[in-house]
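Me: I would like a close look at a single part of this model. Please take me through the strands, how they pair and turn, and what packs against them, and explain the terms as you go.

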Amino acid sequence: MVRTSYRTSFFLRKNVVNKDGESGIFLRLTVNKEVVQITTKATCAAKDWDVASGTMRGKTKKAQQLNGYLSEIRSSILFHIQEMERRDEVVTLEKVKNAFLGITARAETLMEVFKKWLENAEKLVGVSKNAETYRKYERGYRRLQEFMKETYNITDIAFRELSYEFIVDYESYLRRVSKCGVNTTAKFIQTLRMIVLYAKNNGMVFKDPFVNYKVKKEAVDRGYLTTDELDRIASKVIPLPRLDHIRDIFLFSCFTGLAYIDVANLMESDIRESFDGSKWIMTRRQKTGVPVNVPLLDYPLAIIEKYKGYCKDGHVLPVVSNQRTNSYLKELAVVCGIDKNITFHLARHIKFSFLLKFKHLQIFA
């Protein structure tokens with residue numbers, strides 16, 4: 001942190017004397033070699049003024065009150081400078097003068113606003129935001145903290161001090177130090193961009209550092225399962241109950257197209273009967289809130305029947321954590337002789353028409 005060079009001193013403007021024979025006391029403020037003179041609105045007679053110390057002579061009550069007032073001014077100047085340094089602002093004479101005179105509002109800072117935004121977002125978990133999305137934003141907050149501490153040795157920065165260079169440095173830090181891939185880096189940058197936009201929309205005026213910056217992404221082939229691979233997973237006799245369980249949940253997602261969180265949140269009340277007697281899943285996606293209507297084929301219906309009564313809280317299927325699910329899926333791939341990194345998300349990359357070929361599959365009780 002760069003320390004600010006500053007100096008305060010008081011002097012009498014002796015060429016102007018009021019009716020009481022006193023002259024105005026002025027503050028001479030020097031910040032980084034720039035100088036300004038500001039009236040303190042206090043007065044003192046020239047005969048009572050000590051030029052060397054810049055105070056009123058004597059121990060009278062008036063002298064003590066006046067000198068205390070001048071001391072408070074010095075403390076106020078120091079406070080404003082330290083606050084700007086704490087927020088890692090560029091300290092200038094104009095900023096200090098304006099802060100002292102009370103004609104500008106305190107600068108809003110990135111991490112201060114981000115923290116407030118997180119507090120508000122946490123209250124919306126389970127209402128309009130899900131827990132995983134909130135955790136993603138928390139990670140973005142922590143990563144920014146780490147970046148600023150390691151790169152600039154600061155804990156916060158004023159929005160008006162944000163720059164294109166700051167974003168580029170953050171991108172470089174994410175790739176070099178945090179070892180993030182292109183798309184993971186893009187997500188962290190987008191979180192920062194979201195907070196900047198939030199600040200601007202709330203009337204915090206500053207130059208947008210993202211004006212000439214473009215978030216970089218690369219196309220990713222998430223992979224898919226072939227007919228043979230899906231058949232091997234579904235037909236394999238698996239003696240391990242936990243792998244058999246995960247296989248069923250994974251295949252349920254394959255046949256319904258539901259994401260992990262939507263399978264985990266699926267309630268019995270979401271299974272409804274159509275006019276023709278067929279059963280459908282009628283719910284909303286957790287991530288987007290978009291309505292989802294999915295016809296239930298025989299295979300996912302059999303999975304629902306297999307686990308009927310397992311959940312006592314109205315959920316349809318007993319789903320374990322996403323981390324454990326993906327860990328077990330890797331074991332399942334090995335057991336089934338599939339040389340692919342199978343994750344739960346892969347289940348959503350299977351076409352419905354492709355699944356209609358699997359009428360022969362049986363559910364292993």
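Reply: Happy to. Contact here means heavy atoms within 4.5 Å. Helices (H or I, at least four residues) and strands (E, at least two) are DSSP runs numbered from the N terminus. This is a predicted model, in which local features need pLDDT of at least 70 and side-chain atom pairs count only at pLDDT 80 or more, while totals for chains, interfaces and linings use all residues. Residues are numbered from 1 along each chain as its sequence is written, and side-chain values use heavy atoms, without hydrogens or water.

Let's begin with the overall arrangement. Three strands form an open sheet in the order S1-S2-S3, and their pairing is antiparallel. S1 and S3 are the edge strands; each has a single partner, so one side of each has no neighbour in the sheet. Going from one strand to the next, the twist averages 25 degrees. Pairing is counted when DSSP finds at least two bridges between two strands.

Now the first pair. S1 (residues 6–17) and S2 run antiparallel and are joined by nine bridges. Two positions help you find the register: Leu 12 has Ile 25 in S2 as its bridge partner, and Ser 9 stands opposite Arg 28 in S2. The hairpin of S1 and S2 has five residues between the strands, and Gly 21 takes a positive phi near 80 degrees there.

The second pair follows on from S2. Nine bridges join S2 to S3 (residues 34–44), again with an antiparallel run. Here Leu 27 stands opposite Ile 38 in S3. In this hairpin, two residues lie between the strands. One residue to look at is Asn 32, which sits in the loop between S2 and S3. Asn 32 is not a glycine, yet its phi is positive, at about 50 degrees. With a relative accessible area of 38%, Asn 32 is partly exposed. For the accessibility words, buried means under 20% relative accessible area, exposed means over 50%, and partly exposed lies in between, with a 1.4 Å probe and protein chains only.

Further along, Lys 41 in strand S3 is another residue other than glycine with a positive phi, in this case near 70 degrees. Lys 41 counts as exposed, because its relative accessibility is 78%. Strand S2 (residues 23–31), by comparison, is mostly covered, with seven of its nine residues buried. As background for your own inspection, side chains in a regular strand alternate between the two faces of the sheet.

Finally, two helices lie across these strands. Helix H1 (residues 61–86) lies across S1, S2 and S3, at about 140 degrees to S1. Helix H2 (residues 93–101) lies across S2 and S3, and its direction is about 20 degrees from that of S3. These angles run from 0 to 180 degrees between N-to-C directions, and the axes are lines fitted to C-alpha atoms, for helices over the stretch in contact.

To bring the pieces together: S2 pairs with S1 through nine bridges and with S3 through nine bridges, leaving S1 and S3 at the edges. H1 lies across S1, S2 and S3, while H2 lies across S2 and S3.
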